[in-house]
Amino acid sequence: MSSEQNEIILAIETSCDETAAAVVKGGKKLLSNVVATQMDIHKKFGGVVPEVASRHHIEQITMVIEQALDEAGMTINEVDAVAVTEGPGLVGALLVGVNAAKALAYAHHKPVIGVHHIAGHIYANRLEKDFEFPLMSLVVSGGHTELIYMEQHGEYEVIGETRDDAAGEAYDKVAKALGLPYPGGPEIDRLAQIGKDTYQFPRSYLEEGSYDFSFSGLKTAVINKLHHLKQKGAEVDTENIATSFQASVIDVLVDKTYQAAIDYGVKQLIIAGGVSANRTLRDRMSERFKDTNIDLMIPPLYLCTDNAAMIGAAASVEYHKQNFASLNLNANPGLTIE
Ligand code: KG4
Ligand code: ZN
């Protein structure tokens with residue numbers, strides 16, 4: 001067993017379409033990080049097919065865990081706890097990770113830690129630099145768009161969230177309407193660097209003072225514009241559509257996040273989740289926070305999308321609270337963070 005602050009956690013993540021395992025030391029040091037992506041398989045269907053995802057997780061999980069331990073130069077005996085994403089996510093996909101974690105923990109007499117997927121996305125940043133409280137986190141992924149306020153480790157207050165589509169979901173749906181491959185976020189991001197904001201789609205700020213988001217109106221505006229252009233036989237300028245759509249999403253994300261960070265007087269602002277890989281979001285956030293006393297943390301690209309290192313980093317906090325799960329731990333697709 002390792003010293004008090006340097007616990008070794010083997011972490012597993014299978015909530016969507018990446019089968020991932022990692023070994024993390026003391027919540028901050030990455031010893032290995034293995035991600036087997038199924039993206040190319042789901043591309044053929046234009047999105048993640050839950051049953052297909054579960055089957056691939058089952059095929060990959062043992063190898064991915066073995067590789068994570070190998071790359072960390074460890075055996076399971078040197079691990080202090082096994083952590084796993086408990087939810088939210090696809091139930092069949094989550095179950096593969098949860099059962100693998102419980103089986104390993106039971107066989108080797110290790111405690112199990114259940115981790116919230118979004119807590120993981122936030123804690124991905126701690127692998128780069130330590131947190132300073134209070135902090136605000138903008139979580140933008142395929143399933144979530146949330147502003148989360150934290151006063152201390154492991155305590156999360158959701159102060160704003162999407163009322164309909166998540167930001168990543170809007171990216172993926174608009175990309176599909178444009179005939180771009182899944183996942184649409186990176187494709188739109190690439191095209192948006194070339195085009196211009198010629199369409200001026202709506203920006204949804206909702207009522208005064210609200211930190212909530214709404215992207216379905218924007219998504220519908222883009223899809224209606226595409227139908228309209230096609231009906232008229234007019235040419236669709238994919239690059240300008242991408243730039244215009246992205247400008248609307250990013251304007252709202254940056255403005256609301258900035259306002260929330262100021263209103264709550266935070267020391268740090270963290271961006272997390274798959275959409276935080278977006279170039280324009282990263283640039284615009286850096287620009288907006290440049291002249292403030294708020295420390296902006298943007299994760300490196302390999303920590304933006306789903307991985308298990310982030311689960312290990314979030315689990316460290318629970319490890320120190322001795323917040324261990326029983327072997328009844330179950331996948332919880334609707335798990336809340338608060
Ligand atoms: O966090 P993540 O890997 O999985 C979930 O927990 O949902 O996020 C995936 C989402 C997808 O919707 C994908 O299109 C989006 O992140 N994404 C991006 C970019 N890279 C990934 N969205 C916009 N720009 C990007 N560069
Ligand atoms: Zn995610």
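**View 1. Burial of His117 and Asp306 at the zinc site.** In this predicted model, His117 is buried and Asp306 is buried as well, where buried means under 20% relative accessible area, exposed means over 50%, and partly exposed lies in between (1.4 Å probe, protein chains only). Together with His121, these residues coordinate the zinc ion (ligand 2), through NE2 of His117, NE2 of His121 and OD of Asp306, at 2.0 to 2.1 Å. Donors are N, O and S atoms within 2.8 Å of the metal (3.2 Å for Na, K and Ca), and since water is not among the atoms, sites may look incomplete.

**View 2. The zinc donors along the chain.** The donors of the zinc ion (ligand 2) follow the spacing H-x3-H-x184-D. His117 in helix α4 (residues 117-123) and Asp306 in the loop between α10 (301-304) and α11 (309-320) link distant parts of the chain, 189 residues apart. Helices (H or I, at least four residues) and strands (E, at least two) are DSSP runs, numbered from the N terminus.

**View 3. Lys256 in helix α8.** Lys256 lies in helix α8 (residues 238-263), and Lys256 counts as buried because its relative accessible area is 5%. The C-alpha atoms of Lys256 and Asp212 are separated by 8.4 Å, although the two residues stand 44 residues apart along the chain.

**View 4. Glu338 after α11.** Glu338 lies in the segment after α11, and this residue is classed as exposed because its relative accessible area is 61%.

**Notes on the views.** Residues are numbered from 1 along each chain as its sequence is written, while chains are lettered from A and ligands numbered from 1 in the order in which they are written. Local features need pLDDT of at least 70, side-chain atom pairs count only at pLDDT 80 or more, and totals for chains, interfaces and linings use all residues, while side-chain values use heavy atoms, with hydrogens and water left out.
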